[in-house]
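Opening the notebook on this one. I want to go through the rings, then the sheet, then the pocket.

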Amino acid sequence: MTIYYIGGSPCSGKSTVAAALAETCGLTYFKVDDHLDRYMQMGASDQKVCCAKLGQMTPEQIWMREPAEQCKEELQIYEEIFEYVLADLKTLDSQQGIITEGAAFLPKLAKHMGIPQGRYLSITPTKEFQVFHYRQREWVPYVLQECSDKAKAFDNWMERDALFAKAVQQQCDDAGYVSIVNNGEIPVETLTEQVAAHFGLERS
């Protein structure tokens with residue numbers, strides 16, 4: 001069973017590209033974000049350090065921390081839940097192949113698994129692109145509604161994700177994987193074609 005992996009960071013276009021390739025290439029699409037809450041609960045039950053810690057924190061405690069601390073723990077969380085992601089992928093049955101995406105697919109984890117360069121890439125946004133699109137998302141205020149300083153909490157969140165993107169880019173460099181940086185000037189169709197070409201996929 002062939003699996004194509006798209007890693008990266010939030011708000012970069014990963015899900016848009018993966019959904020388009022699933023539709024035009026006949027692939028099964030597995031979106032990690034759809035299962036994150038369950039993975040976090042599993043991690044907490046298994047006494048994974050960061051999963052358990054985050055599950056007990058309030059929004060104020062989460063978002064008012066230093067962005068560097070948040071980023072470090074975000075990276076660790078994805079390492080803690082990775083086994084659950086892989087277990088779910090093994091349950092899928094697709095003769096045409098699977099395309100999966102999520103920030104959980106850290107380049108160093110992909111490298112450790114032995115995923116070939118032609119089956120993995122990351123997409124990360126510039127900070128400007130990231131912030132612009134997060135501001136358009138209607139659910140963001142609900143995430144931060146219990147924070148005493150919502151503007152500061154949002155700024156911390158955006159800085160955390162910017163630091164996360166840089167970490168992913170560095171891991172790609174270290175592992176020899178392709179890393180695409182989306183500044184918002186690349187048309188979605190062009191980005192999708194770039195990813196399809198990298199994976200050697202033919203679109204219908």
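Aromatic pairs came up before anything else: I get a count of 11 by the ring-centre rule. I'm working on a predicted model here, so every value below is computed from that.

I picked out one pair, Y4 with F199. Their ring centres sit 5.1 Å apart and the planes make 45 degrees, so the pair goes down as tilted, being neither under 30 degrees nor over 60. What does the pair tie together? Y4 belongs to strand β1 and F199 to helix α10, so parts 195 residues apart in sequence are linked.

Next I followed Y4 along its backbone. Its bridge partner in β3 is I99. Strand β1 covers residues 3–8 and β3 covers residues 98–101; the two run parallel, joined by four bridges.

Then the whole sheet. In what order do the strands come? I read β2-β3-β1-β4-β5, an open sheet of five strands with parallel pairing. At the edges I find β2 (28–31) and β5 (178–182), each pairing on one side only. Ignoring direction, neighbouring strands are turned by 20 degrees against each other on average.

I checked which helices lie across these strands. Helix α5 lies across β1, β2 and β3, and runs at about 160 degrees to β2. Helix α9 lies across β1, β4 (120–125) and β5, at about 150 degrees to β4.

Last, the pocket. The largest one comes out at about 1200 Å³. Which residues are closest to its centre? Of the 43 that line it, I noted P10, D33, L36, Y134 and W139.

I sorted the lining by class: 22 residues are nonpolar, 11 polar and 10 charged.

I also looked at which helices contribute to this lining. Those that each supply at least two residues include α1 (14–25), α2 (36–45), α3 (49–55), α4 (59–63) and α7 (127–134). Both helices I had looked at against the sheet, α5 (67–91) and α9 (150–175), are on that list too. So is α10 (188–199), the helix that holds F199 of the tilted pair.

Terms used:
Residues numbered from 1 in each chain as written. Predicted model: local features only at pLDDT ≥ 70, side-chain atom pairs only at ≥ 80, totals over all residues. Heavy atoms only, no water. 1 Å grid on protein atoms, 1.4 Å probe; cavity = no way out; pocket = protein on both sides within 12 Å on 5 of 7 lines; lining within 4 Å. Points joined across faces, edges and corners; volume = space filled by probe spheres on them. Nonpolar A, V, L, I, M, F, W, Y, C, P; charged D, E, K, R; others polar. Pairing = 2+ DSSP bridges. Axes fitted to C-alpha atoms, helices over the stretch in contact; angles between N-to-C directions. Contact = heavy atoms within 4.5 Å. Phe/Tyr/Trp six-rings, centres within 6.5 Å; stacked < 30°, edge-to-face > 60°.
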